[in-house]
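Trainee: Got a minute to walk through this one with me? I'd like to begin with the empty spaces inside.

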Amino acid sequence: MPEMLSVGPGSAARDIAILRRPGSAPGLFWMGGYRSEMTGSKASAIDAFGAARGLAVTRFDYSGHGQSGGDFLDGTITSWLDESLAVFATTTGPQVVIGSSMGGWLALLLNQALRLAGIDRVKALILIAPAVDMTQELMEKSFTVKERKALAETGVVEQPSDYSAEPYPITRALIEDGRTHLMLGERGIDTGCPVTILQGGRDPDVPKEHALRLAQHLLVDPVTFTLIPDGDHRLSRPEDLKVLETAIERAIGEAVPAQGELPLG
């Protein structure tokens, strides 16, 4: 059973479900994607990796996701970031933060918020198909005229999903809140730690060009960009998970870059 952490004031509090594996540092801190769960294939592979090496592993579900409380339609980047920070505060020692899709954006925002607060516990970032600025760059820009009208009139757009029989709801609150967290502007992104980006070449949701654009904003810290030419958005095949494990090994100091990986800084 997961442990539950209450996040937020009073009646607005959400019960956030956490699966925690005790172990040594550096810990592995997992941040999932939009409508994903902490029991998914990549999160489970990371937990198994930690178990095999005696490393601490922290997984959790954002509000409205998986085993956490709250309504998905109430979720915003701000609320999910606040929850991520609250869960991170329950960890100790250095952490390798691993974020997938939306979790990649949230991982960067989490690291930014921690460093602004003088907390230097993020040892490395591993970003899997990072959907940075997704609310504007990957959602709003793709809306049809009909969808823009629906968003204005009802506050919700529903788009078909390749990963679920149910459509993905996108709320006006999510879009508007996302504008306050944009990172791909004129300024570079200073993470203060090494960054690894894993990207599928056949990703229909986060194109490789989008991930490369992020890499071009990481001007100060070491960056390794690994393109998996036939990889999709999930990157959950056994061979994809092996690439992820190699990235984690490098982040915790067990391996050097593999042949074919491209260091960008």
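Trainee: How many cavities of 30 Å³ or more does the structure hold?

Mentor: Just one. Keep in mind that this is a predicted model. The largest cavity holds about 30 Å³ of space.

Trainee: Which residues line the largest cavity?

Mentor: Its lining is made of Lys42, Ile128, Leu198, Leu235, Asp240 and Leu244. Sorted by class, that gives four nonpolar residues, no polar ones and two charged ones.

Trainee: OK, pockets next. How much space lies in the largest pocket?

Mentor: About 960 Å³. It is lined by 37 residues, and the ones closest to its centre are Tyr34, Ser101, Tyr163, Tyr168 and His233.

Trainee: Which elements give two or more residues to that lining?

Mentor: Helix 1 (41-53), helix 4 and strand 8 (168-171) do.

Trainee: And how does the lining of the largest pocket divide into nonpolar, polar and charged?

Mentor: You get 15 nonpolar, 16 polar and six charged residues.

Trainee: What volume does the second largest pocket have?

Mentor: About 350 Å³. This pocket has 13 lining residues, and nearest its centre are Gln112, Met183, Arg187, Gly188 and Ile189. The lining has six nonpolar, four polar and three charged residues.

Trainee: Switching topic: which residues of helix 7 are buried?

Mentor: Helix 7 covers residues 208-217, and its buried residues are His210, Ala211, Leu214, Ala215 and His217. Looking down the helix axis, you'd see those buried residues fall within an arc of 160°, so they line one face of helix 7.

Trainee: Why do residues three or four places apart point the same way in an α-helix?

Mentor: That's because an α-helix has 3.6 residues a turn.

Trainee: Then what covers the buried residues of helix 7?

Mentor: The cover includes helix 3 (102-116), strand 6 (122-128), helix 4 (134-139), strand 9 (195-200) and strand 10 (223-228).

Trainee: Let's do charges. How many salt bridges does a search of the whole structure find?

Mentor: The search turns up 13. One of them joins the side chains of Glu3 and Arg20, at 2.9 Å from N to O. That pair links distant parts of the chain, with Glu3 in strand 1 (residues 3-7) and Arg20 in strand 2 (residues 14-21), 17 residues apart.

Trainee: Is Glu3 buried, exposed or partly exposed? And what about Arg20?

Mentor: Glu3 is partly exposed, at a relative accessible area of 37%. Arg20 counts as partly exposed too, at 32% relative accessibility.

Trainee: Which residue does Glu137 form a salt bridge with?

Mentor: With Lys141, where the closest N and O atoms are 3.0 Å apart. Lys141 is exposed because its relative accessible area is 57%, and the cut-off for exposed is over 50%. Glu137 has 22% and is partly exposed.

Trainee: And what does Glu239 pair with?

Mentor: Glu239 forms a salt bridge with Arg237, and their closest N and O atoms are 3.5 Å apart. At 44% relative accessibility, Glu239 is partly exposed. Arg237 is partly exposed as well, with 25%.

Trainee: Which residues are linked with those two in a network of salt bridges?

Mentor: Asp230 and Asp240 are, so to speak, the other names on the list: the network links Asp230, Arg237, Glu239 and Asp240. You've already met Asp240 in the lining of the largest cavity.

Trainee: Last topic, loops. Where is Thr76?

Mentor: Thr76 sits in the loop between strand 4 (55-60) and helix 2 (77-88).

Trainee: Buried or exposed?

Mentor: Thr76 is buried, because its relative accessible area is 14% and buried means under 20%. Leaving aside neighbours within four places in sequence, Thr76 is in contact with Ala173, Leu174 and Asp177.

Trainee: And where does Ser142 lie?

Mentor: In the loop between helix 4 and helix 5 (145-154). Ser142 is partly exposed, with a relative accessible area of 40%. If you again skip the neighbours within four places in sequence, Ser142 is in contact with Glu147 and Gln159.

Trainee: Thanks, I'll go and find these on the model.

Key: Residues numbered from 1 in each chain as written. Predicted model: local features only at pLDDT ≥ 70, side-chain atom pairs only at ≥ 80, totals over all residues. Heavy atoms only, no water. Buried < 20%, exposed > 50% of the residue type's maximum accessible area, 1.4 Å probe, protein only. Helix = DSSP H or I, 4+ residues; strand = E, 2+ residues; numbered from the N terminus. Arc of directions from axis to C-beta. Contact = heavy atoms within 4.5 Å. 1 Å grid on protein atoms, 1.4 Å probe; cavity = no way out; pocket = protein on both sides within 12 Å on 5 of 7 lines; lining within 4 Å. Points joined across faces, edges and corners; volume = space filled by probe spheres on them. Nonpolar A, V, L, I, M, F, W, Y, C, P; charged D, E, K, R; others polar. Salt bridge = Lys/Arg side-chain N within 4 Å of Asp/Glu carboxyl O.
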